Structure formats: structure tokens, C-alpha cells
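Student: Please take me through one part of this model closely, then connect it with the rest of the chain. I would like the cut-off behind each term as you go.

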Amino acid sequence: MYLCDVLQHPIVASSHSPLTMAVDQGASSKLPGLLVSLGKNESTKTLLKVIILAIIAAAAVASRLFSVILDPWFNFRATKYLVANGFYQFWDWFDDRTWHPLGRVTGGTLYPGLMVTSGVIYHLLRFLTVPVDIRNICVLLAPAFSGLTAYAAYLLTNEMTTSSSAGLLAAAFMGITPGYISRSVAGSYDNEAIAIFLLVFTFFLWIKALKLGSMLWGALCALFYGYMVASWGGYAFITCLVPLHVFVLICMGRFSMRLYVAYTTWYALGTLASMQIPFVGFLPVRTSEHMPALGIFGFIQLVAFLEYVRSAVSSRQFQTFMYVGLGGIFSVGLLGLVGLTAGGYIAPWSGRFYSLWDTGYAKIHIPIIASVSEHQPTAWPAFFFDLNMLIWLFPAGVYMCFQKLEDEHVFIIVYALFGSYFAGVMVRLMLTLTPVVCVAAAIAASQLLDTYLQYKSPEPIESKDEESSDVTAKKASKQSSLRSASQPVVGIYNVLSKAFIAGTMTLFLLIFVQHCTWVTSNAYSSPSVVLASRMPDGSQHIIDDYREAYQWLRQNTKEDAKIMSWWDYGYQIGGMADRPTLVDNNTWNNTHIATVGKAMSSREEVAYPIMRQHEVDYVLVVFGGLLGYSGDDINKFLWMVRIAEGIWPDEVKERDFFTPRGEYKVDADASETMKNSLMYKMSYHNYASLFPPGQAQDRVRGVRLPDQSPILNSLEEAYTSENWIIRIYKVKDLDNVGRDHAAAASFERGHKKKKAIKKRGPRVLRAE
Amino acid sequence: MRSLVSFLLLALVAAVNALSASGGNRLLVILEDVAEKAGYTKFLGDLEGRGFDISYETPKSESLSLFHLGERSYDHVLLFPTKAKGWFLSDTFVPYPTCLGPNLTPSIILQFINAEGNILLALSGSTPVPSSLVSALLEFDIHIPTDRQGLVVDHFNYDAASASEKHDVLLLPTPGPLRPDYKNFFGLSASGKSGVIAFPNGLGQTLGQGALLSPILRAPAASYSYNPKEESEALEDLFAAGSQLSLVSTLQARNSARVTVVGSADMLSDKWFDASVKKVGEKTSVKTLNREFARAVSGWTFGEIGVLRVNWIEHHLNEAGQSNASNPKIYRIKNDVTYSISLSEYSWDKYIPFTVPENDELQLEFSMLSPFHRLKLNPTISSEDSTTYSVSFKLPDQHGIFNFLVNYKRPFLSNVFEKNTVSVRHFAHNEWPRSFVISGAWPWIAGIAATVTGWLGFCALWLYSAPPAKGESKKKQ
């Protein structure tokens with residue numbers, strides 16, 4: 001079942017060429033020769049655009065095919081279930097293979113957009129008698145949608161500027177920028193795969209609706225907003241950004257009937273649409289994240305009403321009316337919001353939301369959110385890594401928007417501002433920033449290219465303009481600087497400067513393409529379950545412990561054997577090993593995760609009853625000490641401890657896992673709590689026996705370990721993979737003759753039970 | 001058709017289980033010397049009469065092996081006291097006490113129990129207990145006096161006829177149930193005879209706190225245990241006294257394997273079967289009930305009584321208009337379900353219906369992490385070899401993976417632990433009542449209807465109203 005067909009794209013070079021071509025074409029579409037010969041009539045231009053867009057889409061797809069590995073498995077599993085059982089079954093799906101023994105009301109707790117999209121495509125292709133496996137659709141969905149995203153970026157950019165080269169550039173940028181590729185390579189079957197397309201397209205429709213004041217476009221926008229809600233939790237970004245845009249426009253005094261029609265249509269229909277998703281339900285009227293949209297909806301009614309009143313009554317009366325009316329309504333609204341929040345009718349801001357404002361918040365209050373690497377604040381190099389030259393073109397593009405400052409440009413500015421902030425707070429939100437960066441950068445780049453790739457210098461008009469401006473300048477202030485600027489030594493229309501700028505831009509674009517290809521092939525195309533390393537002779541060595549271990553589970557354990565592991569591996573175990581898990585990547589129940597954390601971080605005597613209560617059969621840990629694989633459970637261990645401490649502060653204490661000097665150690669100096677924790681014992685069980693005496697070494701932490709490996713009583717080693725990355729332990733049954741596990745294990749090891757009872761203390765009498 | 005086949009198959013499996021539930025009949029008797037069996041002819045004869053296929057071995061025998069190719073060679077082991085000399089020597093040289101030879105080490109004994117073999121262990125007050133047995137018993141939390149030797153005496157309750165000097169033949173009434181709600185297998189009330197149990201020359205044990213241990217026969221209040229080898233006049237360190245001293249104790253392992261320690265091997269000997277004894281201070285002598293007691297103890301140990309069998313378990317939906325198929329994998333919250341379990345009890349040679357003792361209950365738990373329901377199972381159908389217990393109830397308003405759990409573990413009855421896992425799902429989207437059924441929704445429905453009609457009416461009015469004539473409008477302005 002496991003999808004391992006690594007679709008090795010025919011080397012870097014071949015995927016390199018279409019990209020280069022695409023960008024070059026994008027740039028060269030304005031090249032003089034082409035323009036002169038082909039760009040004369042409209043139909044040729046359209047044809048060219050279509051061809052270029054098609055090539056961009058092809059490049060976008062091609063650059064995502066470096067290596068293919070399906071992940072996350074849950075979505076794939078859900079899609080298979082959808083295809084096999086139909087939509088209604090999927091809707092009511094109760095999954096009893098995860099979150100044992102709670103189960104998961106999957107149909108009501110997921111965003112079904114992704115699966116339904118794949119399902120629809122599958123059935124459509126079947127209808128067209130194309131025999132296709134649902135797996136292939138799942139694998140290729142993200143690249144296919146990246147092509148559409150490129151097109152959506154083209155449309156959005158075209159709304160911003162009249163220059164059509166900007167749109168094409170934006171499409172090209174969107175297609176290959178690593179910030180987006182990171183979540184949309186082939187096989188990356190996650191919600192973001194389609195959500196980014198929907199995000200960009202919804203924004204395009206919003207701009208369209210706003211520009212035209214059209215109810216139809218507003219309704220279309222609401223429709224795609226509904227689709228977006230069905231697809232990704234990130235829809236809240238749209239829910240907040242659009243009202244914000246409206247608010248800024250109103251504050252700028254740009255209220256118009258166009259705005260009113262577009263917003264009210266979008267809000268009313270969009271909210272209704274979003275409430276149809278079971279997982280969202282009544283959230284749009286109950287949670288604080290959705291309150292801006294509701295508030296602006298009310299506000300825009302007020303503003304519209306005021307406009308009407310202003311046109312009807314005299315200005316003096318209107319002023320009093322406005323002060324009294326507005327003040328009253330605002331205070332009533334605010335009081336109402338506070339009251340409802342205090343009364344619990346509106347949920348307070350969720351923790352994930354707080355962590356957007358205070359990056360330290362999550363670490364203290366909600367470790368489960370902070371423990372995800374995607375939720376960490378972004379490091380500075382990541383911006384350059386993911387966006388390359390776009391990052392410095394981006395402010396220029398935003399500046400261009402300030403120059404024109406139509407309603408739609410305000411949107412780009414607002415989006416840019418908030419997108420950058422959020423991307424700085426959370427690595428994951430780099431994804432929402434990427435579209436606006438592409439659009440803004442394309443505007444800037446096209447401005448440059450449009451200016452410098454003009455073959456003929458528009459001398460007469462320009463000089464006239466300059467003259468006139470000169471005249472006005474003289475009249476105004478008689479500044480000499482302007483005059484000197486009007487007679488430049490090396491001017492814009494100089495062939496040399498044109499060639500230089502065009503050459504530089506071409507170079508930058510080429511470097512950009514090269515960077516994108518390099519990043520994609522090296523950083524974003526390596527699947528997390530198969531590790532690749534280089535041997536000393538340079539040949540590639542594949543470390544395949546994960547799949548090896550999951551296969552072992554699949555073949556050697558009972559169908560319903562419950563596997564306990566940290567939640568990171570939940571989806572993989574569920575998908576690849578097909579065994580029920582206690583917790584998985586859908587971290588909906590913090591307490592359940594904390595329970596697993598507690599079991600992992602407690603002594604065996606404490607952990608065993610927990611495992612027994614949860615009917616755990618096997619425990620799986622990831623241990624990188626032998627190989628130097630740093631993403632192992634010991635390195636994640638403190639998060640387990642913190643999450644457990646959040647629920648049981650009296651029983652699990654983070655401080656106890658540090659040495660008295662405050663160091664996190666695993667060697668002989670490790671604290672007693674650390675040494676006795678189940679996780680430590682499972683990781684290092686029998687590890688020292690692998691080395692000659694005194695040389696046991698942990699290659700991740702780089703420390704020498706004690707010769708005596710920890711002793712496990714209530715678990716027995718069931719399986720250890722080739723490189724010791726995955727270790728699986730079987731939970732022992734209760735002892736048959738009623739001993740505790742320590743006694744039973746010590747008997748097994750051949751120690752004779754000490755006869756020593758009593759002598760000191762009173763006799764313990766048997767009651768019955 | 002398929003159900004019939006599966007039923008037949010089930011019945012077949014049940015029948016096979018029935019043969020093995022009574023424990024099989026391969027009995028190994030280990031004696032110091034095979035010739036010693038002459039002293040126990042009645043006891044062994046009784047066993048043979050009940051169908052046991054007895055083999056005799058000595059601990060020193062090379063061929064003695066409880067396992068063959070990883071499988072048990074015998075179903076039951078009966079171990080008489082062995083007086084092996086020279087075991088002190090071997091004890092010093094090998095890590096394990098091998099006084100019973102390399103074929104009966106503590107770990108082999110434990111292995112035998114883990115493989116559901118039963119052991120009846122007869123000890124004696126005059127023979128030191130082999131140290132490998134002491135180690136094994138320690139693992140069970142059954143304690144033997146220090147120096148592996150001890151003798152139970154009672155100066156107020158002895159057989160005046162045979163032990164007027166040593167006071168080491170205790171005369172005991174037949175034991176009552178351990179607790180009022182336990183079944184009493186050793187009361188011997190069925191035999192109809194009255195009498196006492198003679199416990200001559202016995203070794204007392206004390207039991208730990210484990211729930212798997214239970215004494216069959218406890219020493220009377222005034223008895224105590226001492227080491228006859230010690231020369232001192234006064235007893236310095238008392239091992240145990242009174243009812244803390246267990247004379248016949250049992251361990252029923254979690255897999256229902258049974259171990260019984262009989263403190264006095266002599267009580268099983270021919271001499272004390274049907275002997276006449278006279279309690280001190282009483283005039284008349286009475287017959288001993290040792291034969292009946294030995295029958296009960298050996299019968300229980302070797303799985304002839306007190307073995308429960310689960311014939312079948314069935315649960316189904318109990319709602320009108322729904323398919324009530326047996327044992328579905330999934331239910332919905334708030335479903336009405338019925339759970340039934342059929343139980344039989346093996347009694348010497350046949351299965352009889354199992355009846356729960358008075359004051360006790362057979363309970364069903366419906367649990368996820370912790371029980372959501374704990375209900376009494378009531379007997380409903382009774383056939384000649386089984387009783388069906390069942391209960392109907394409404395599932396809790398909580399979805400998840402639940403277990404129907406019957407966890408009936410009582411001393412002297414083999415363990416019943418039956419877990420049937422089912423998923424309990426939430427309401428599907430079309431299982432809720434429709435809005436028009438809920439009276440509270442009527443105002444809203446009326447509101448929607450009013451809005452729709454109002455909107456349509458307005459549109460109609462708007463479309464079909466002729467625009468006012470220009471002249472009029474000018475006049476108005």
C-alpha cells in the first residue's frame with residue numbers, strides 16, 4: 001500500500017529549463033522585437049498570454065515533482081474512505097482507529113474540502129472513463145492546484161495594474177517560489193494544497209466585486225470563501241483581512257455603494273456558506289476571530305445609514321445626530337461584546353490566536369501549540385530562503401501601490417502589512433504572505449521592465465512633461481535641484497542604462513529560478529519518513545527505518561493492537577501500519593496527548609496503569625542516538641513533559657528533568673526523574689550493549705552513556721529497526737501469579753527472592 | 001446458512017473447550033520413591049477412579065520433564081514430600097536450589113503454571129521443604145517457616161488418641177465459606193456425613209496480601225507453628241499463630257491455573273482416611289472426613305469443580321424497526337441494547353448451570369477508560385447445562401470505543417474476563433429530529449416563511465407597479 005514510487009524527475013537540469021523558459025518568456029514578452037512583430041494586435045497578445053500562462057502552469061507542476069511521497073496519511077485515508085463509502089457516510093464518519101478509546105468524529109472535525117475535491121475529480125475522471133487510482137489524484141492534486149494558483153495570482157495582479165506583464169510575472173513567481181512549493185510538492189496532500197489557490201482566488205473575486213460594486217461577483221466571492229472554509233482553518237485570514245480592508249477604506253473616507261454592496265453580499269452569503277461546514281458550525285457568530293467581520297458588517301450598515309441621513313437632513317442636525325447616534329451605538333456594541341464574552345456566549349480568543357500577538361505566550365500556556373515546529377517564530381534567513389529576490393522587490397511593489405492608491409491597492413497594502421507580521425510570528429504563515437509578495441514584487445518588477453524595456457524612447461511627450469513640470473516647479477519654488485535632474489548625464493532613455501538594467505533584472509530572474517529549483521530539490525522534496533544521507537564516497541544512502549518498523553507492526557501485531565507513541569507519528573502509524581493509535585497529528589484533545597506525555601515521562605509504576613487503562617499493546621519511540629538523527633523523542637521529550645505538566649502540575653515537573661545545575665542531560669549525570677522516566681528507559685534500553693565497555697555514546701547529544709543500560713520491567717522489547725531509529729516495546733500483561741512487574745522481571749533474570757519479610761515493624765496480617 | 005455453519009463451528013469449539021476446561025487427565029505424581037505410593041492407595045485410587053491417568057516419577061529421575069517440545073507433558077502435578085538428602089551440597093554449587101533436581105526448578109514450576117498446569121503440593125511437618133519449592137512458593141507470596149521446617153500444634157484441639165504427647169494432630173471442623181458471598185466447595189455438606197478433618201504432622205503457611213491467594217483450611221485460634229529441630233524450651237520467634245496460619249492454601253493464577261498447598265501430606269494417606277479420632281476433652285470418637293476433604297481439594301485443584309465456562313456472548317440492538325443483528329461492531333449513542341452471557345459450571349463430570357451465590361452479583365460493565373454503566377446481570381434462560389444472564393440498557397450519551405466487560409473473579413471459581421469491544425458512534429446527520437418536529441423551532445420557521453413571502457410579495461409589487469406618471473411626480477415635488 002505504501003506509496004514509494006519515487007517519481008524522480010529527470011534530473012535538475014531538465015526541470016530547470018522550463019522554469020527558465022517561463023520566466024524568460026514572461027520577461028521577454030515585452031522585448032522589443034517580439035512586441036514589434038507580434039504584439040501589434042490584441043488577439044496575438046491574448047494567444048501569447050495563454051501560451052505563457054500554460055507554460056508557467058507546466059513549470060509550476062514540473063518543479064514539484066522532484067520526489068514523491070504521500071503525506072499526511074490521514075487525508076489520504078479519509079479520501080479513500082470518501083471514495084469507498086460515499087459522501088454521506090464520510091459526513092457521518094466515526095473513526096474508531098484513532099484516539100483510542102475516544103475515537104474521533106472525523107466527519108465533523110475535519111475540513112472536507114480537500115477530500116471532496118479529490119473525490120469529485122476521481123468521479124469525474126471515472127465518468128469520462130479515465131481509469132485512475134485515487135492515490136494518483138491525491139499525489140498530483142497539490143501540483144495541479146499550484147498551476148491554478150499561478151493563474152489566480154495573474155488575475156489578482158491584473159486587477160492592480162494595467163500592465164499585463166505584471167500579471168504574468170506574478171504568475172511565474174507564484175508558480176515557483178519556494179515559500180509556496182514547501183507546502184505543495186507532489187504527494188504533499190494537505191489542506192494547504194488547495195487552500196492557497198482558494199485564498200488568492202477569493203481575494204481576486206473580492207477585488208473584482210469591490211471594483212464593480214457587483215452583487216454577482218460578491219456572491220461568487222462568498223462561494224469561493226465557502227470553499228476555502230471547507231478546506232483550511234486558515235480561512236480566518238480572509239475573514240479578518242476583508243473586513244479590515246473595508247474598515248481602512250471607510251476610515252479613509254472611501255465609503256461607497258460599491259463597497260457596501262460587495263461587503264454585505266460577501267458577508268451574508270459567505271457566513272451562511274461557512275456555517276454549513278460541520279466543523280465550523282456556529283463559530284462565525286460565537287468566536288472572537290470572526291467578530292471583526294460581524295462588527296464591520298454592522299458598522300457598514302451604520303455608515304450607510306448615516307450617508308442616507310446626511311443626504312436627507314441639514315448638516316447641523318446631522319452632526320448632532322452623528323455624535324449621539326454613533327457614540328451610543330458604539331458603546332452599546334462594545335458593552336454587548338464584552339458582556340457576551342464574559343458570559344461565555346462568545347468564546348474568548350483561542351490560544352493559537354494569542355500566540356499570534358505574543359510569541360512567548362504559547363510556550364508558557366499552551367505547550368502543545370508551541371511544540372510544533374511550524375508554530376515557531378520565523379527566523380530571518382527563512383524569508384530570503386523562501387522568497388529570494390522577491391523579498392526586496394516586495395516593499396517596492398507596496399510603494400507602487402501607495403502611488404496609485406485605488407481601493408484595490410489599499411487591499412494589497414493591508415494584506416502586505418498583516419501578512420508580513422504574521423509570517424514573522426509563525427513559520428507556517430509564510431504561506432499566506434507568499435501570494436502578496438509575489439503580487440507586489442511582480443508589480444515592482446514589471447514597472448522596472450516596462451520602463452527600461454521600452455525600445456523607443458517616448459521623447460516628445462516625456463520632454464513636454466518635463467518641461468511643464470519644470471515650469472510648474474519654477475513657478476512654485478524655483479528649486480535648482482529639479483533643473484539639474486532634468487538634464488541627466490546618464491538618463492533613463494540611454495541605451496546603455498536600459499541594457500544594464502534589463503541585463504541585471506534578467507540575471508536576478510535567472511538566479512531566482514536557479515535558487516527556487518535548488519531549494520525545492522534540496523529542502524522541500526525530501527520526505528520525512530525516508531532519510532537520505534551521503535556515504536563517505538558520495539553515494540546516496542537511504543535510511544528507511546520508519547517504513548521498516550511500520551511494516552513490522554503491520555505484519556506482526558494484531559489487527560487491533562493499540563500503539564502508543566508521541567502524536568507526531570500518529571498519522572503515519574494509522575496510515576502505514578494500519579493500527580489504532582492513542583493520539584495523532586490532529587491534536588484535538590490536549591488532555592489525551594498530555595496523558596501520553598505523562599505515561600512517557602513517569603516512572604514505570606505510574607505509566608503502567610495508564611497504559612493498561614488505555615489498552616495499549618505496543619509503545620513506539622523514535623531514538624536517534626545511534627545514527628545521530630536529531631529529530632528523536634528524547635529531543636522532543638521536554639515538550640511531552642511540559643504538556644503533561646499543564647494537566648498534572650503536581651505529578652510531572654519539568655524542573656525534575658534537569659540536573660541541579662539546570663542542564664538537560666542524558667548521560668550518567670542525568671537527574672533521577674529523567675533516568676526513571678519511561679521514555680529514557682525505552683530509548684536507552686540495551687543500548688550500551690552495542691558498544692565495547694565504557695564507549696557507549698549517544699551521537700545526537702554527543703555524550704558518553706553509563707555502561708549499565710536502564711532496566712525495563714513492565715515492557716519488553718519487541719522490535720528495533722536497523723538503525724535503532726524506531727524502537728517498539730510490548731506492554732507486558734499483569735503477572736500470572738500476582739507479583740509486581742519488578743519482582744517478576746527480577747525472577748526472570750534469575751535473582752532469588754529475598755526471604756526477608758518482617759523482623760522490623762508490625763506484622764501485616766491477612767484480613768480474610 | 002453461514003450462521004448455521006458458524007454456529008456448528010462454535011458448538012464444536014465449545015465442545016473441545018469443554019474437554020480441556022475440566023483440565024485434562026494426565027496426572028504426574030512425584031514421590032521420593034515410587035514405592036511410597038503404597039501409603040496413599042486410597043487417595044490415588046480415588047483419583048484413578050475419577051479418570052486420571054497417573055504417571056509416577058521421582059525427582060531424581062532423568063526422564064522427569066514437565067514439558068516436551070514446549071508443550072506440557074502433564075496437565076496436573078501432585079508433589080509429595082521428598083526427603084532428598086545431600087541437596088545442601090548441590091545447593092552450594094548451582095545458582096538454583098536443585099534439591100528437586102534440574103527438572104523442577106522454580107522457573108519450570110512457574111512456567112508450568114503459566115501454561116495452565118495445575119499443581120497440588122503436599123508438605124509435611126517432619127520433612128524440610130525443598131528449597132526450590134520454597135523459592136517458588138515465595139514467588140506466589142506463600143511463606144514457609146524459616147529453615148523450611150515447622151510443625152503446627154494446638155494444645156487445646158488435638159487428637160487425644162494418637163497425639164496425646166505431641167499435640168500435633170489437629171482436629172478441625174469442615175471449613176465454611178471464606179466470605180458469605182463465596183461459594184463453598186469444601187464444606188463437605190454434600191457428602192452428608194458429619195465429622196472432623198484430621199490434620200496430622202502438618203506444616204503451616206502464611207499468605208501474603210495478594211488477591212489470588214485464598215486459604216481453604218485455616219488453623220484454629222490456639223494453634224501455632226514451631227520448629228521441632230530447635231532444642232530450646234521456649235519459642236523465641238513465632239512464625240505465625242491462629243488463623244493467620246493457613247493449613248491448606250490455594251493460589252489461582254490469572255490464567256485460572258491452580259496451585260494448592262496441603263500442609264500435611266499425612267492427611268492424604270490411607271492411615272487418616274476414615275480413621276477414628278477423639279478430640280481432647282470429648283468422650284466420643286468420630287470418623288475423619290479426610291477422604292471427602294481430599295477429594296474436594298484434589299478435585300478443585302485439578303479443575304473438576306469450580307470451573308466456569310462462557311458458552312456464548314451475545315449483544316444486540318433492542319429497538320423497534322431496526323435490524324437487530326447479533327454482535328454488531330458499532331452502535332449509536334443512546335441506543336437500547338441487550339447483552340447476554342451464557343455460563344456453565346463444571347461439576348465433577350458434567351456441566352451444570354452456573355448460579356451466582358447469594359449476596360453476590362454477576363455484573364456487566366460498559367466501559368471506556370472507566371465504567372459508564374455497571375449493571376447486574378439477571379438469569380433469564382436456564383437449560384440443563386447452562387444459565388443465560390442478560391441485561392438491557394441504554395447506551396451512554398458518549399461516543400467512543402467501549403467494552404462490554406464481564407469481570408467475574410472470585411476465589412475458588414475460575415476467572416471470567418470477557419471483553420467485547422464495540423464502537424459507539426455519534427448521531428448521523430439524518431438521525432436528528434427534523435426542525436418541524438421540534439415545537440421550539442416553530443417561531444423560527446414562521447419567521448423564515450414570513451420573510452420569504454414578504455420578499456416575494458415585495459418583488460411582485462415592485463415589478464408590477466407602474467412607475468408614476470411624470471406630471472404627477474413633478475406636482476408632488
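Tutor: Happy to! Let us begin where the chains meet: 32 residues of chain B are in contact with 25 residues of chain A, where contact means that the C-beta atoms of two residues, placed from the backbone, lie within 7 Å. This is a predicted model, in which local features need pLDDT of at least 70 and side-chain atom pairs count only at pLDDT 80 or more, while totals for chains, interfaces and linings use all residues. Residues are numbered from 1 along each chain as its sequence is written, with chains lettered from A and ligands numbered from 1 in the order in which they are written.

On the side of chain B that touches chain A, at least two residues each come from α4 (106–114), α5 (131–140), β26 (400–408) and β27 (416–425) of chain B. Helices (H or I, at least four residues) and strands (E, at least two) are DSSP runs, numbered from the N terminus. The largest share, four residues, is supplied by α5(B). By class, this side of chain B has 15 nonpolar, 12 polar and five charged residues; here Ala, Val, Leu, Ile, Met, Phe, Trp, Tyr, Cys and Pro count as nonpolar, Asp, Glu, Lys and Arg as charged, and the others, Gly among them, as polar.

Now for a strand of chain B, β6 (residues 118–122). Five of its five residues are buried, meaning that 20 or more other C-beta atoms lie within 10 Å of a residue's own (exposed is 12 or fewer, partly exposed in between, with C-beta atoms placed from the backbone). Asn118(B), Leu120(B) and Ala122(B) point one way from β6(B), Ile119(B) and Leu121(B) the other way, and all are buried.

β6(B) has parallel pairings with β5 (residues 76–79) of chain B, over four bridges, and with β15 (residues 258–262) of chain B, also over four bridges. Two strands pair if DSSP finds at least two bridges between them. Leu121(B) takes part in both pairings: Leu121(B) is the bridge partner of Leu79(B), and in β15(B) its partner is Val261(B).

Stepping back, chain B has eight helices and 27 strands, and buried residues make up 41% of its 477 residues. An automatic or database domain assignment divides chain B into domain 1 (22–303), domain 2 (306–425) and domain 3 (435–476). The C-alpha centres of domain 2 of chain B and domain 3 of chain B lie 62 Å apart.
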